[in-house]
Amino acid sequence: MREDLERLLELQKIDVALAEATWEAEALPPRIAELEGQLTSADALVTEAEESMQQATKDRLRLEGDLRDQGAKLEDLKAKQLVIKTNEEYAALTHEIEFMRKTISETEDVVLKMLEDVDVKTAELEERKKAADGARGEVENQIAELKGELEKLREYVMVRNDERTRVAMHLDDKLLLRYERILSSKGDSAVVPLVDDVCTGCYKRLPPQAAIEVKRGNRLAECDSCGRILYRKESDEDE
Ligand SMILES: [Zn+2]
């Protein structure tokens, strides 16, 4: 009887430790995923800035091409003006040249803006790269630490599970089943001490006769209210 009780208590100790370790282990993968997500978002920000910078550079090059074409057209027009015959043609060309000069000046303004835009975007890219690289080391360390913790917990659970199997092997099947049913329905404990005739699982006072049964200890009595297996505390044994 006492032996069964000792084994049940040992089993319960293991089960509580297992539940705690399992609970701790389950909390880790979401934390790891969150940190990995941080790395991915930082990388995505860098990629976004890179693409934006490349696009700005492309736009700038295209506009510089436009500017060269416009310059060439202006030179053409000026050359034509030199060989012109009539006043009307001369006036028309002058008008065209003026228009081309205006266009060139406008394009130049846009190119200047584009240059500034490329500068801003280059700075933005550098900043994001720096932020991503700066955070990376620490986040990677945290991830490694959490993965190590998880590995340790998994090993611990394995060892404790082996231990549980060894202890459970020595228990009668019916008693083991009874214990497991109570533990899974109560969640916290299946075997609790009776203290001053009170069940320490549900804190209800036992009827006097039932309390005497527990104290005699010749069978594993259960609490009328919560169904947990009761035992008398060592300190009560000397009474
Ligand atoms: Zn109870």
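**Exercise 1. Contacts of aspartate 4**

Task: find which residues aspartate 4 is in contact with, leaving aside its neighbours within four places in sequence.

Solution.
- Use the contact criterion: heavy atoms within 4.5 Å.
- Aspartate 4 then touches Leu171, Leu175 and Leu220.
- Check one pair by backbone distance. The C-alpha atoms of aspartate 4 and leucine 175 are separated by 8.7 Å, while the two residues are 171 places apart along the chain.
- Place the residue: aspartate 4 is in helix H1, which covers residues 2–82. Helices here are DSSP runs of H or I with at least four residues, strands are runs of E with at least two, and both are numbered from the N terminus.
- Assign burial. Buried means under 20% relative accessible area, exposed over 50%, and partly exposed in between, with a 1.4 Å probe and protein chains only. Aspartate 4 has 22%, so it is partly exposed.

Two notes on the input. This is a predicted model, in which local features need pLDDT of at least 70 and side-chain atom pairs count only at pLDDT 80 or more, while totals for chains, interfaces and linings use all residues. Residues are numbered from 1 along each chain as its sequence is written, and side-chain values use heavy atoms, with hydrogens and water left out.

**Exercise 2. A second aspartate in H1**

Task: decide whether aspartate 15 is buried or exposed, and list what it touches.

Solution.
- Aspartate 15 also sits in helix H1.
- Its relative accessible area is 12%, so aspartate 15 is buried.
- Not counting residues up to four places away in sequence, aspartate 15 touches Arg164, Tyr179 and Leu183.

**Exercise 3. Span and kink of H2**

Task: compare the span of helix H2 with its expected value, then locate its kink.

Solution.
- H2 runs over residues 87–169, which is 83 residues.
- The expected span is 1.5 Å times one less than the number of residues. For H2 this gives 123 Å.
- The model has 116 Å from the first C-alpha to the last, close to that value.
- Now the bend: the angle between axes fitted to the seven residues ending at a residue and the seven starting there. H2 has a kink of about 35 degrees, centred on arginine 136.
- Glycine 137 is in H2 as well. Its relative accessible area is 37%, so glycine 137 is partly exposed.
- The C-alpha atoms of glycine 137 and leucine 39 are separated by 10.0 Å, with their positions 98 residues apart along the chain.

**Exercise 4. The zinc site**

Task: identify the protein donors of the zinc ion and classify the geometry of the site.

Solution.
- Take as donors the N, O and S atoms within 2.8 Å of the metal (3.2 Å for Na, K and Ca); water is not among the atoms, so sites may look incomplete.
- The SG atoms of Cys199, Cys202, Cys223 and Cys226 qualify, at 2.2 to 2.3 Å.
- Their spacing in sequence is C-x2-C-x20-C-x2-C.
- Cysteine 202 lies in the loop between strand E2 (198–199) and helix H4 (208–216), and cysteine 223 in the loop between H4 and strand E3 (229–232), so the pair ties together parts 21 residues apart in sequence.
- Four donors count as tetrahedral if all angles lie between 85 and 135 degrees. The angles here are 105 to 115 degrees, and the site is tetrahedral.
- For reference, the ideal tetrahedral angle is 109.5 degrees.
- Cysteine 223 is buried at 1%, whereas cysteine 202 is partly exposed at 24%.

**Exercise 5. The sheet and its hairpin**

Task: give the strand order and pairing of the open sheet, then find where phi turns positive in the hairpin of E1 and E2.

Solution.
- Two strands pair if DSSP finds at least two bridges between them.
- The order is E2-E1-E3, with mixed pairing. E2 and E3 stand at the edges with a single partner each, so one side of each lacks a neighbour in the sheet.
- E1 (residues 191–195) and E3 are parallel over 4 bridges. Among the partners are valine 191 with isoleucine 229 and proline 193 with tyrosine 231.
- E1 and E2 are antiparallel over 2 bridges. Valine 195 stands opposite valine 198.
- In E1, 4 of 5 residues are buried.
- The hairpin has 2 residues between the strands, and aspartate 196 takes a positive phi near 50 degrees. Aspartate 197, in the loop between E1 and E2, has a positive phi of about 65 degrees.
- Most residues other than glycine have a negative phi.
- Aspartate 196 is exposed at 56%; aspartate 197 is partly exposed at 21%.

Definitions and conventions
Tetrahedral: all angles 85-135°; square planar, octahedral: opposite > 155°, others 65-115°.
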